[in-house]
Amino acid sequence: MKNKFSYILFAAALAMTSCKKDNYDGPTAGLSGNFVDVKTNELVEQDIIRGTTIEIIEHGYDPVTPQYLTVKTDGTYDNSLLFANTYTVNPVRGNFIATTPQDVDIKGQTKLDFTVTPYIRLKDVSITRNGAKVVATFKLEQNVPNNVKKIGLYAHQDSRVGEPMRQEATEQQLNAVSDPNQVYTLEIDLPSHTSSLKPGNKYYFRVGALIDVGEAKPNYAKAVVLDI
């Protein structure tokens, strides 16, 4: 009985000690901002799946595991659950010319915008329903000399539609430097895809282009919603 009582006291003491060790203040800081096109001052559209991420490394710890913030499809990001400290902040695997990592003192809700040059700008974009087809026309403006691998028109019921998040798509392989004066045309034939694009529903359509650069992500125009 005495041994059992001693064990209970030891377990209680251990639990109290554990509570004291875990009694830290929660995260009180955050980091948010925009990815802005240096030329147009517009947000740089992104993928929500396998898209641009922001690597942040907290100072004062060695070794330290990087944290990653997800960039939203509209080119914004927001994480309000960080500990106040200095971090090295670096956008990685994006759809723009690489930026230089920077050290940021994150206290409270800190805002940090990135002014970037997208690999490709999609210009003069039009996405409309033309009879039994959805037709997209657009031009491409490259900012690096690499080939454009492919262009695509993507459809999904979710507004975050893109190359990795689609119910239907049509793509064209280019593998060449684009002509800035050429109007590119992509079409989706609706009667051929009634199982994925059901009549009577709304779908989001978005055009994108992928540059031939290692780990690059597609560049996009804004999604357009159409009745099918």
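**A three-stranded sheet and the largest pocket**

Lysine 133 has aspartate 189 of strand 13 as its bridge partner. The model is a predicted one, in which local features need pLDDT of at least 70 and side-chain atom pairs count only at pLDDT 80 or more, while totals for chains, interfaces and linings use all residues. Residues are numbered from 1 along each chain as its sequence is written, and side-chain values use heavy atoms, with hydrogens and water left out.

Strand 10 (residues 133-142) and strand 13 run antiparallel and are joined by six bridges; strands are DSSP runs of E with at least two residues, numbered from the N terminus, and two of them pair if DSSP finds at least two bridges between them. Together with strand 9 they form an open, antiparallel sheet in the order 9-10-13. Strand 9 (120-130) and strand 13 (184-189) each have a single partner strand, so one side of each edge strand is left without a neighbour in the sheet. From one strand to the next, the twist averages 20° (angles run from 0 to 180 degrees between N-to-C directions of axes, which are lines fitted to C-alpha atoms).

Strand 9 also gives five residues to the lining of the largest pocket, the largest share. A pocket is an open set of points on a 1 Å grid over the protein atoms alone, where a 1.4 Å probe fits, with protein on both sides within 12 Å along at least five of seven lines; lining residues have an atom within 4 Å of a point. The lining comprises 18 residues, with Glu42, Leu43, Leu122, Tyr220 and Ala221 nearest the centre of the pocket. Strand 15 (219-220), like strand 9, gives two or more residues to this lining.

Note on methods:
Helices (H or I, at least four residues) and strands (E, at least two) are DSSP runs, numbered from the N terminus.
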